[in-house]
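Let's take a friendly walk through this structure together. Have the sequence and the 3D view at hand as you read.

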Amino acid sequence: MSWDILHDEFMKNAAAAALLAGIACPLIGVLVVTMRLSFIGVCISHAAFAGALAGLAFGGNPTLTALIGSLIAATALGPIADKGDFTPDTAMGIVFSSSLGASFLLLSLIPGPKTEALGFLWGNVLTVTRGNIYLLAGVAALVTLLIAIFFREIQGVIFNRELALASGIPATAIFYGLLICSGLSITASLNAIGGMLVFSLIINPAAAAYQLTYDLKKMFVLAAGFGILSGWAGLAFSTVLNLPTGAVIILTSSAIFLIAALFSPKKRRFRPEYELESSNTN
Amino acid sequence: MQSAIQVNEVVVEYDGRKALAGVSLSVGRGETVGLFGPNGSGKSTLLRAIHGLVLPSYGSIEVLGEKLSPRTLRFIRKQMAYMPQFIQIDQRMPISALEVVLMGRYGHSGLFHRYSHSDKNAARAALEQVDALHLANRPFGQLSGGEQQRISLARALAGSPRLLLLDEPTASLDWRSQQRIEKLVQAACKLQGLTTLIVSHDAESLAAICDRIIIMDSGRIVKESIPSRLSEDYRNYFRGSEAVK
């Protein structure tokens, strides 16, 4: 392989997309992992996919319709969970199954080959456009800024939503803001990572960071670092080995999680008592 | 005595079921009042309604002379602190004891501000008050149940409240930790002249801390008692109500 490839426009775009998705998705992931709402990524990404398909089926801009789809899902999740007597998991299940049904229906309505439609499902970081990168850059900057501004509020909501509310923190607005930011991050990453794989880029780097620190600020930094590492290492491996980039990025993030879990100081601290007893007697 | 909390004919409904069925109550300034009764009697709902966490479908609540409404809620919440039952959180949760206590200062700083030095000093003073300053930098999830409740009490006290609402503060704690929390609550009430409302299932614990105790059943106040007569009054009421059934 010639290293000249690194100077190609598409490779520069891919590296920029991997960097920005590697920041935006894991930052949202920290909130999702600590609030135990892991299914949220799957749910919103399928709604974004359904939105993109609606754009393709009816001649609209698929990125715009994906954004609308994900925002509808994100803004529906909160009220369904809050007012509909359902747990957030049930609300996510309802939105997920509805999005999946709509996706299959819309896929059948798209005439001719479905290559572009399926591109939104699998994504391809090597085909991202300047427009995709500007969108990703805007979303990554917005998410980072909001987390920096509302760090105390976010920390309170992560700890306990009712207690945060009792302390005067606008916990409901923060929770809905999280859902909307998830929708934005997922939509912006759709072209690069794909609706199917973006979930892993949300969860894996954040879950890896969760293994390594008790400090929320450090967790955000570590998660973004692991996200960037996953994106760039995945891009490099896939280019060298000629493998699908999105899949290699995700497998790299999974490998980072496995290493973090293996060497987690928290794991050593929380060994079950019976294991500690048996190791003491040995 | 000037009242700190005035509850008038409050009704709270969940799914059409009345959790509070027309409750009226007055708590004087500096008084420590206990709410006692069986599960589902409406004790915690009353506490949550006073804190504005649930909205009454009928009736009104006044706190420190201000009628509770969306407009006054922020001001009122600044004056009171709520300590819930033992909070179940993941042991690996990335939040320290000091950060939990600082949450109690949120009302003093508000949106778009960082915690100031005086907030941090107040949080440390509250930790010292509950003899937990040495736990400040420990991850909250790693602390024992008793230590976590002391941190929760410090969080409640850190905001320098005039009113303290405690919901089962000693539930699921061992006897020694219970005793410690009770003594700390008593000391804080005395030292800061707080008006305190405590929900508990533990008659002995309430009798030790409270000036008077309200007995609740089926969303209503059924009896008012004093610490020395609580067990007797409670037994008599329920013997009577069983006889009626």
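What follows is a tour of a sheet, a hairpin and a pocket.

Please keep in mind that this is a predicted model. A good place to begin is chain B, where an open sheet of 4 strands runs in the order S2-S1-S4-S5 with antiparallel pairing. Its edge strands are S2 (17-28) and S5 (66-67) of chain B, each of which pairs on one side only. Look next at S1(B), residues 3-14, which joins S2(B) in the antiparallel sense over 9 bridges. Where these two strands meet, you can find Tyr14(B) standing opposite Arg17(B) of S2(B). Helix H1 (residues 43-50) of chain B packs on this sheet, touching S1, S2 and S4 (58-63) of chain B. The direction of H1(B) makes about 115° with that of S1(B).

Further along chain B, strands S9 (residues 212-217) and S10 (residues 220-225) pair in the antiparallel sense over 5 bridges. One of the pairings to look for links Met216(B) with its bridge partner Ile221(B) in S10(B). The two strands form a hairpin with 2 residues between them, and Ser218(B) in the turn has a positive phi of about 50°.

Now for the empty space. The largest pocket holds about 560 Å³. Of its 24 lining residues, Phe151(A), Lys217(A), Glu99(B), Leu102(B) and Tyr115(B) are the closest to the centre. Helices H6 (130-149) and H7 (151-159) of chain A, along with H3 (97-103) and H5 (117-129) of chain B, each give two or more residues to the lining. H7(A) supplies the largest share, 4 residues. By class, the lining has 11 nonpolar, 4 polar and 9 charged residues.

Terms used. Residues are numbered from 1 along each chain as its sequence is written. Chains are lettered from A and ligands numbered from 1 in the order in which they are written. This is a predicted model: local features need pLDDT of at least 70, side-chain atom pairs count only at pLDDT 80 or more; totals for chains, interfaces and linings use all residues. Side-chain values use heavy atoms; hydrogens and water are left out. On a 1 Å grid over the protein atoms alone, a cavity is a set of points where a 1.4 Å probe fits but cannot get out, and a pocket is an open set with protein on both sides within 12 Å along at least five of seven lines; lining residues have an atom within 4 Å of a point. Grid points are joined across faces, edges and corners, and a volume is the space filled by probe spheres set on the points. Ala, Val, Leu, Ile, Met, Phe, Trp, Tyr, Cys and Pro count as nonpolar, Asp, Glu, Lys and Arg as charged, and the others, Gly among them, as polar. Two strands pair if DSSP finds at least two bridges between them. Contact means heavy atoms within 4.5 Å. Axes are lines fitted to C-alpha atoms, for helices over the stretch in contact, and angles run from 0 to 180 degrees between N-to-C directions.
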